[in-house]
Amino acid sequence: MIKFAITNKTLITLDTNVEHIGKVIEVNNSTVIVSFSDEVACSSCSLSNLCKPQKKEKNSIAITTSEASSYELGEKVKVIGNVTMQKRAIFFGTALPCIILIASIFVANYYGCRQALSALIGIAILGIYYIVLYIKKDALKKKFNFIIKKL
């Protein structure tokens, strides 16, 4: 099923949705902060005990919407994103750092650094990557548009 949504004057095609049920924990002028429990998100996964067996963390997300005033604290809502955003998040958060770390270690080894120094160089470059990611967080937020719906 193909759905269209207009968010911040941007037309988003939601070919395949990623939906999570959450609870409103804060409402500001144009922002709704929704909290998710990993227990709910992971309940259908057969590998959830291997992933986080000891913890049941709560994650939250801030969603900008013009209808923020219509949401109440404690209200259950559905947050919808698309698979493209999910893949982009996995790429920037997991895949690219792995590639950067491995590539920097190989390059340092190629130029004759010892293994310990190569590992330190890799970690340092990875640290720089995360600093740049943090500096660019506002630009990245614009690429992640979520839709919120009342249940």
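## Rings, charges and a nonpolar core

Arg88 lies over the face of Phe144, 5.9 Å from the ring centre. The model is predicted. A lysine does likewise elsewhere: the charged end of Lys150 sits over the ring of Tyr71, at 5.2 Å from its centre.

Tyr71 also belongs to the largest nonpolar core. That core has eleven residues. Its other members are Val24, Val32, Val34, Phe36, Ile61, Ile63, Ala68, Val77, Val79 and Ile148. Three strands each give two or more residues to this core: S4 (31–37), S5 (58–64) and S6 (76–82). S4 gives the most, with three residues.

What does Val32 touch, leaving aside residues up to four places away in sequence? Its contacts include the core residues Val24, Ile61, Ile63, Ala68, Tyr71 and Ile148. Glu26, Ala62 and Thr65 complete the list.

Now the aromatic pairs. The count comes to three. Among them are two tyrosine pairs, tabulated here.

| Pair | Geometry | Centre to centre | Angle between planes |
|---|---|---|---|
| Tyr110 and Tyr111 | edge-to-face | 5.2 Å | 85 degrees |
| Tyr129 and Tyr130 | edge-to-face | 5.2 Å | 65 degrees |

Are the rings' residues buried or exposed? Tyr110 is exposed, because its relative accessible area of 66% is over 50%. Tyr111 counts as exposed too, at 65%. In the other pair, Tyr129 is buried, because its 11% relative accessibility is under 20%. Tyr130 has a relative accessible area of 40%, so it is partly exposed.

Conventions
Residues are numbered from 1 along each chain as its sequence is written. This is a predicted model: local features need pLDDT of at least 70, side-chain atom pairs count only at pLDDT 80 or more; totals for chains, interfaces and linings use all residues. Side-chain values use heavy atoms; hydrogens and water are left out. A nonpolar core is a set of buried Ala, Val, Leu, Ile, Met, Phe, Trp, Tyr and Cys residues joined through side-chain atoms within 4.5 Å. Buried means under 20% relative accessible area, exposed over 50%, partly exposed in between (1.4 Å probe, protein chains only). Helices (H or I, at least four residues) and strands (E, at least two) are DSSP runs, numbered from the N terminus. Contact means heavy atoms within 4.5 Å. Rings of Phe, Tyr and Trp (its six-membered ring) pair if their centres lie within 6.5 Å; planes under 30 degrees apart count as stacked, over 60 as edge-to-face and the rest as tilted. A charge sits over a ring if NZ of Lys or CZ of Arg is within 6 Å of the ring centre and within 35 degrees of the ring normal.
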